[in-house]
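Subject: Structure for you to look at

Hello,

Here is the structure I said I would pass on. Please have it open while you read, as the notes below go through it region by region.

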Amino acid sequence: MSTGQVIHLESVDSTNEYLKRQGALLPDGTVVVADHQTAGKGRLGRSWQDAPGQSLLASWLLKSLQGDALLLLPLAADGFLQALTPYE
């Protein structure tokens, strides 16, 4: 994976939707973070509501991740969540 960039947005409809719109123009590994999402999305199409400044809102652009490597994403997400749990 190449080194991407970090894009910080004060407010966005959804970090995921932002990457869907802009992803073709951005390098692999880009991370989009936001202070607030107006139409956030959770897993399985669920909506995600946040209080401004109170949530970690981020999406990663992983263009080079393919095949069986995609199966590791839920495991990586769980590890990330467990690492952050002490900071609740």
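Leu70 sits in the loop that runs between strand S5 (57-60) and helix H2 (73-84). This is a predicted model, and the remarks here should be read with that in mind. The relative accessibility of Leu70 is 42%, so this residue counts as partly exposed. Leu70 also belongs to a nonpolar patch on the surface, together with Trp60, Leu62 and Leu73. The accessible area of the four residues together is about 350 Å².

Next, the sheet. Three strands make up an open sheet in the order S1-S2-S5, and their pairing is mixed. Strand S1 (6-12) and S5 are the edge strands; each has a single partner strand, so one side of each has no neighbour in the sheet. On average, and ignoring direction, neighbouring strands of this sheet are turned by 20° against each other. S1 and strand S2 (residues 31-37) run parallel and are joined by six bridges. To find your place in this pair, look for His8, which stands opposite Val33 in S2.

After S1 comes a loop that leads to helix H1 (15-22), and Ser14 is located in this loop. Is Ser14 buried or exposed? With a relative accessibility of 1%, Ser14 counts as buried, because the limit for that class is under 20%. A polar atom of the Ser14 side chain lies 3.2 Å from the backbone nitrogen of Asn16.

Helix H1 includes Thr15. Thr15 has a relative accessible area of 3% and is therefore buried. Which side chain does the side chain of Thr15 contact? The partner is the side chain of Ser59, in a polar contact of 2.6 Å.

Now the charged residues. Side chains of opposite charge can pair when their charged atoms come close. How many salt bridges are there? The count comes to two.

One salt bridge is formed by Asp13 and Arg21, whose closest N and O atoms are 2.9 Å apart. Asp13 has 26% relative accessibility and so counts as partly exposed. Arg21, at 46% relative accessibility, also counts as partly exposed.

Another salt bridge joins Glu17 to Lys20, with 3.2 Å between the closest N and O atoms. Why are Glu17 and Lys20 separated by about one helical turn? They are three residues apart in helix H1, and that spacing accounts for the turn between them. Glu17 counts as buried because its relative accessibility is 18%, whereas Lys20 counts as exposed because its value is 57%. The limits behind these two labels are under 20% for buried and over 50% for exposed.

Lys20 has one further entry. Lys20 and Leu61 are 41 residues apart in sequence, while their C-alpha atoms are 9.1 Å apart in space.

If you want a route through the model, start at Leu70 in the loop between S5 and H2, go on to the sheet with its order S1-S2-S5, and finish at helix H1, where Lys20 is found.

Regards

Technical notes. Residues are numbered from 1 along each chain as its sequence is written. This is a predicted model: local features need pLDDT of at least 70, side-chain atom pairs count only at pLDDT 80 or more; totals for chains, interfaces and linings use all residues. Side-chain values use heavy atoms; hydrogens and water are left out. Patches are made of residues with over 30% relative accessible area and no salt bridge: like charges are joined within 9 Å, nonpolar side chains (Val, Leu, Ile, Met, Phe, Trp, Tyr) within 5 Å. Accessible areas come from the Shrake-Rupley method with a 1.4 Å probe; for residues, only the protein chains shown count as cover. A salt bridge is a side-chain nitrogen of Lys or Arg within 4 Å of a carboxyl oxygen of Asp or Glu. Helices (H or I, at least four residues) and strands (E, at least two) are DSSP runs, numbered from the N terminus. Buried means under 20% relative accessible area, exposed over 50%, partly exposed in between (1.4 Å probe, protein chains only). Two strands pair if DSSP finds at least two bridges between them. Axes are lines fitted to C-alpha atoms, for helices over the stretch in contact, and angles run from 0 to 180 degrees between N-to-C directions. A polar contact is a pair of N or O atoms within 3.5 Å; within protein, one must be able to donate a hydrogen and the other to accept it, and residues adjacent in sequence count only if both atoms are side-chain atoms.
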